[in-house]
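Hello,

Here is the structure I promised to pass on to you. Have a look at it first, and then read on for what I found in it.

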Amino acid sequence: MNKKLKEYLIITLGFIIVALGLTVFLIPSNLAVGGVTGLSLIIHTHFNFLSVGFLLILINSILFIIAFFTLGPAFGAKSIYASLGLSGAIWFIQRLFPGMKPLTDDLFINLVFGMLVSSTGMSLVLYQNASTGGTDILAKILNKFLHVPIGRSLLFVDFFITILAGLTFGPRLGLYALLGVIMNGMIIDNMIAGLGTKINVHIVCTHPEIIRDFITRNLLRGATLYKAEGAYTKEAKTVIVAVMSKREFIRLKKHVELNEPSAFVTANVVHTVMGQGFLSN
């Protein structure tokens with residue numbers, strides 16, 4: 001229950017951040033930077049009798065049906081929550097500030113800050129194996145079956161929408177939209193890589209029990225022990241290998257400094273960890 005609650009809290013924070021990026025920077029500037037929101041904005045421009053909200057629900061419903069069959073019911077349930085939450089957050093912000101104008105007159109500034117904010121929020125949602133709806137569902141499918149990074153998948157899927165944006169709003173806004181899609185893919189890939197970062201620790205010591213017990217009992221992490229021999233001293237040594245978060249490594253480092261100061265510690269960053277206790281992202 002605590003894990004599920006944490007996931008939904010992070011998803012909630014994520015779609016609120018996405019809504020702020022869209023409503024404050026992108027939508028008021030007519031920047032259709034990919035996604036179902038951009039596609040709905042384009043269709044609404046050509047067919048005024050179809051509201052953006054209705055188009056969002058219609059297109060997302062079709063994509064969610066695809067997601068249920070390809071990504072599983074867990075992805076669909078969390079994504080429905082994120083999609084409805086995003087729509088509600090956008091509706092609430094626009095009701096609170098009706099007729100919102102672009103924050104600045106500089107289109108480039110609106111694009112950069114809009115993408116930084118919304119891509120950060122989308123990264124939080126995608127990292128929890130969910131989606132805010134729209135074309136990132138297709139990107140997640142490409143990521144799962146073709147192993148294409150999510151950012152590049154979004155770039156591929158959204159490229160067609162930017163072409164339509166150029167035909168609808170003119171080449172200037174269309175080129176800005178294309179730039180936004182490229183930024184979105186780069187930011188999401190780097191954000192998700194950062195969120196998944198872990199520390200791989202190697203500790204060479206003579207009293208492994210002190211360190212092993214701290215890792216297993218205090219950090220609740222697993223570890224592997226190897227017998228070794230010092231090349232210079234020819235003394236028997238033990239090598240402890242463990243993978244943990246940055247915060248856990250800081251705790252372990254302090255423990256080793258206090259209780260086994262002669263230990264030799266090396267640590268390196270890893271971006272992908274699969275196994276018990278870790279998400280396979």
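Let me start with the charges: the chain carries 22 positive and 13 negative ones, and the mean positions of the two groups lie 5 Å apart. Please keep in mind as you read that this is a predicted model.

On to the fold. There are ten helices and four strands in the chain. Reading from the N terminus, the order is α-α-α-α-α-α-α-α-β-α-β-β-α-β.

For the overall dimensions, the C-alpha atoms fit a box of roughly 80 × 40 × 35 Å along the principal axes. The radius of gyration of the chain is 24 Å, whereas a compact globule of 281 residues would come out near 19 Å.

Next, the interior and the surface. Of the 281 residues in the chain, 44% are buried. The exposed area of the chain is about 15,600 Å², with 67% of it coming from carbon and sulfur atoms. As for contacts in the chain with a separation of 6 or more, 72% are between residues 24 or more positions apart.

One stretch has a record attached. An unreviewed UniProt entry annotates residues 221–275 as "domain: DUF2179". In the model, residues 221–275 are 25% helix and 40% strand. What is the distance between the end C-alpha atoms of that stretch? They are 12 Å apart.

That is what I have for now. Happy to talk it through whenever suits you.

Best wishes

Key:
Residues numbered from 1 in each chain as written. Predicted model: local features only at pLDDT ≥ 70, side-chain atom pairs only at ≥ 80, totals over all residues. Heavy atoms only, no water. Helix = DSSP H or I, 4+ residues; strand = E, 2+ residues; numbered from the N terminus. Rg over C-alpha atoms; globule rule 2.2 N^0.38 Å. Buried < 20%, exposed > 50% of the residue type's maximum accessible area, 1.4 Å probe, protein only. Contact = heavy atoms within 4.5 Å. Areas by Shrake-Rupley, 256 points an atom, 1.4 Å probe, with all protein chains shown as cover. Lys, Arg positive; Asp, Glu negative; His and termini not counted. Charge placed at Lys NZ, Arg CZ, Asp CG, Glu CD. UniProt positions renumbered as here; feature names shortened; annotations may be inferred.
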